[in-house]
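Reader: I should like a close look at the salt bridges in this model. Please treat the pairs one by one and place each in its structural context.

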Amino acid sequence: MVAAGAALADDVGLPGLTMGLLAQRLGVRTPSLYKHVEGMDDLLRGVAALALAEAGDAVGLAIRGRAGRDALAAAARAFRAFVLAHPGRYAATVGQEPTGPDDPLAVGAGRMLDTFRSVLHGYDVPEADVDHALRMLRSLCHGFATLESADGFRWSADVDESFEWLIDFADRGLRAM
């Protein structure tokens, strides 16, 4: 049911996801959904956990066998592609707080961070700066992809060219450390 909710969020946007619309999509009555989730908040947490796991898997697969700029570019491109393909489910990840280390949100977020941490192994980032570098990468990738998914780049410059510029910019910054 969470997967159906995630797919619906991608189709209608996260603000449009409701229990009633999900029940309609599944061909059941709304009360039937409560056998699977406690309510809308529980559904959103499930969608967010699914999105983090899927995005982490996509980025992890993309960087396999790569290092340095190649790994950075592969991770950034895979992350962007995931957000553009799944804007509703990805939007559910923003603002969700794990309840503990075994929470699927924490596990998915940890997997994503570990993947980007692997990218950083191709650079000489001092251990004391790893958290800062991870936040920088997340901000760049998340910001660009979410703006693009919301049609936020309406001027004449090619969006793909801008994204490659962003990757080059991050690479130069990481190499300069």
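Author: The following account takes up the salt bridges and the helices that they connect. The model is a predicted one, and the structure holds 13 salt bridges.

Consider Arg111 and Asp57, which form a salt bridge whose closest N and O atoms are 3.2 Å apart. Arg111 belongs to helix α7 (residues 104–120) and Asp57 to helix α4 (residues 40–63), so this pair ties together parts that are 54 residues apart in sequence. Both ends are partly exposed: Arg111 has a relative accessibility of 35%, and Asp57 one of 44%.

A further group of contacts involves Glu164. The side chain of Glu164 meets that of Arg69 in a salt bridge, at 3.9 Å from N to O. Because Arg69 lies in helix α5 (residues 68–85) and Glu164 in helix α9 (residues 159–175), the pair ties together parts that are 95 residues apart in sequence. Arg69 counts as partly exposed at 27% relative accessibility, and Glu164 is likewise partly exposed, with a relative accessible area of 27%.

Glu164 also meets the side chain of Arg77 in a salt bridge, here at 2.7 Å from N to O. Arg77 lies in helix α5 and Glu164 in helix α9, so this pair ties together parts that are 87 residues apart in sequence. With 39% relative accessibility, Arg77 counts as partly exposed. Through shared partners, salt bridges join Arg69, Arg77, Glu164 and Asp168 into one network.

Terms used:
Residues are numbered from 1 along each chain as its sequence is written. This is a predicted model: local features need pLDDT of at least 70, side-chain atom pairs count only at pLDDT 80 or more; totals for chains, interfaces and linings use all residues. Side-chain values use heavy atoms; hydrogens and water are left out. A salt bridge is a side-chain nitrogen of Lys or Arg within 4 Å of a carboxyl oxygen of Asp or Glu. Helices (H or I, at least four residues) and strands (E, at least two) are DSSP runs, numbered from the N terminus. Buried means under 20% relative accessible area, exposed over 50%, partly exposed in between (1.4 Å probe, protein chains only).
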